[in-house]
Amino acid sequence: MKVSKEQVRENRQHIVETASALFRERGFDGVGVAELMSAAGFTHGGFYKHFASKADLMAEAVSCGFVQAAGMSGGTTREEFVERYLSRQHRDAMGSGCVMSALSTDTARQPESVKAIFAAGIEKNLARLSGEEGEKGAKRADLIDTLAHLVGAMVLSRACPDDSALADEILAVCRARILAEGNDQG
């Protein structure tokens, strides 16, 4: 039975979304193509009908993750965003959380095509932070500092054992400092 072009697009998007979540949970090298396709409900053999390589899928999955994160952060104040980002809930939901905190270190070891998509996502986040919903008039250096502080805090917290008091302390200290800096600038 022939599959319609629309169904092929939907299948591809489903594979990308599945990969995006799995890559955020377990890293690029933590998920093989066969396992990924099985998780998406397809056979391993169908992968190359959609993608030329795993790196192509990684780039699309990163882009998808940035789009999903943008949708979740829209319409929030800076304070609400910081509170949500540096929460235990976000820390524990790696598969549906921020691409930057989940895949930054993995991306550093990937092909330039994946790095380029990642860099574009960072730029979009900086633009969003400086736009209507973010810090109006904020200097680019301040925006980069805030973004790096958020991502770094999440990465360090996730590196601690799940029941670690240090994991929660990192989030609490960084959340308080970022919010205090924002109040000093405003």
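Let me start with one residue, Glu-123: at 40% relative accessibility, Glu-123 counts as partly exposed. Its place is in helix H8, which covers residues 112–130. Along the chain, Glu-123 and Ile-144 are 21 residues apart, and their C-alpha atoms are separated by 9.6 Å. Before I go on, please keep in mind that this is a predicted model.

Now to helix H1, which takes up most of this talk.

H1 runs over residues 5–26, so it has 22 residues. How does its span compare with what it should be? At 1.5 Å a residue, H1 should span 32 Å, and its end C-alpha atoms are 31 Å apart, which agrees. After H1 comes Gly-27, and the phi of Gly-27 is positive, near 85°.

Which residues of H1 are buried? They are Asn-11, Ile-15, Val-16, Thr-18, Ala-19, Ser-20, Leu-22, Phe-23 and Arg-24. As background, an α-helix has 3.6 residues a turn, so residues three or four places apart point the same way. In that list you will find Asn-11, Ile-15, Ala-19 and Phe-23. What covers the buried residues of H1? The cover includes four helices: H2 at 33–40, H3 at 47–50, H4 at 54–73 and H7 at 99–107.

Take one of those buried residues by itself. Asn-11 sits in H1, and its relative accessible area is 15%. The cut-off for buried is under 20%, so Asn-11 counts as buried. Leaving aside residues up to four places away in sequence, Asn-11 touches Val-3, Phe-42 and His-50.

Next, the packing of H1 against H4. Two packed helices are described by the angle between their axes and the distance between the axes. For H1 and H4, the angle is about 80° and the axes are 8 Å apart. That makes H1 roughly perpendicular to H4. Which residues make the contact? From H1 there are Arg-12, Gln-13, Ile-15, Val-16, Glu-17, Ala-19, Ser-20, Phe-23 and Arg-24. From H4 there are Lys-54, Leu-57, Met-58, Glu-60, Ala-61, Cys-64, Gly-65 and Gln-68. Sorted by class, the contact of H1 with H4 has eight nonpolar, four polar and five charged residues.

Gln-68 gives a view of that contact from the H4 side, since Gln-68 lies in H4. Is Gln-68 buried, exposed or partly exposed? With a relative accessible area of 29%, Gln-68 is partly exposed. Not counting residues up to four places away in sequence, Gln-68 touches Glu-17, Ser-20 and Arg-24. Gln-68 and Ser-20 are 48 residues apart along the chain, and their C-alpha atoms are separated by 9.7 Å.

Now to helix H9, residues 140–159, with two partners to go through.

The first partner I will take is H7. The axes of H7 and H9 come within 9 Å and cross at roughly 75°, which makes H7 roughly perpendicular to H9. On the H7 side, the contact is made by Met-100, Ser-101, Ala-102 and Ser-104. On the H9 side, it is made by Leu-147, Val-151, Met-154, Val-155 and Arg-158. The classes in the contact of H7 with H9 are six nonpolar, two polar and one charged.

The other partner is H5, residues 78–85. Here the axes of H5 and H9 come within 10 Å and cross at roughly 20°. That makes H5 roughly parallel to H9. Which residues meet? Arg-78, Phe-81, Val-82 and Tyr-85 in H5 meet Thr-146, Leu-150, Val-151 and Met-154 in H9. By class, the contact of H5 with H9 has six nonpolar residues, one polar and one charged. Val-151 and Met-154 of H9 are also among the residues in the contact with H7.

Last, the aromatic rings. How many aromatic pairs does the structure hold? It holds five. One of them is Phe-23 with Phe-28: the ring centres are 5.1 Å apart and the planes are at 65°, so the pair is edge-to-face. Both Phe-23 and Phe-28 are buried. Another is Phe-47 with Phe-51, where the centres are 5.3 Å apart and the planes are at 35°, so this pair is tilted. Phe-47 and Phe-51 are both buried as well. With Tyr-48 added, Phe-47 and Phe-51 form one aromatic cluster.

That is where I will stop.

Terms used
Residues are numbered from 1 along each chain as its sequence is written. This is a predicted model: local features need pLDDT of at least 70, side-chain atom pairs count only at pLDDT 80 or more; totals for chains, interfaces and linings use all residues. Side-chain values use heavy atoms; hydrogens and water are left out. Rings of Phe, Tyr and Trp (its six-membered ring) pair if their centres lie within 6.5 Å; planes under 30 degrees apart count as stacked, over 60 as edge-to-face and the rest as tilted. Buried means under 20% relative accessible area, exposed over 50%, partly exposed in between (1.4 Å probe, protein chains only). Helices (H or I, at least four residues) and strands (E, at least two) are DSSP runs, numbered from the N terminus. The expected span of a helix is 1.5 Å times one less than its number of residues. Contact means heavy atoms within 4.5 Å. Axes are lines fitted to C-alpha atoms, for helices over the stretch in contact, and angles run from 0 to 180 degrees between N-to-C directions. Angles under 35 degrees count as roughly parallel, over 145 as roughly antiparallel, 65 to 115 as roughly perpendicular and the rest as oblique. Ala, Val, Leu, Ile, Met, Phe, Trp, Tyr, Cys and Pro count as nonpolar, Asp, Glu, Lys and Arg as charged, and the others, Gly among them, as polar.
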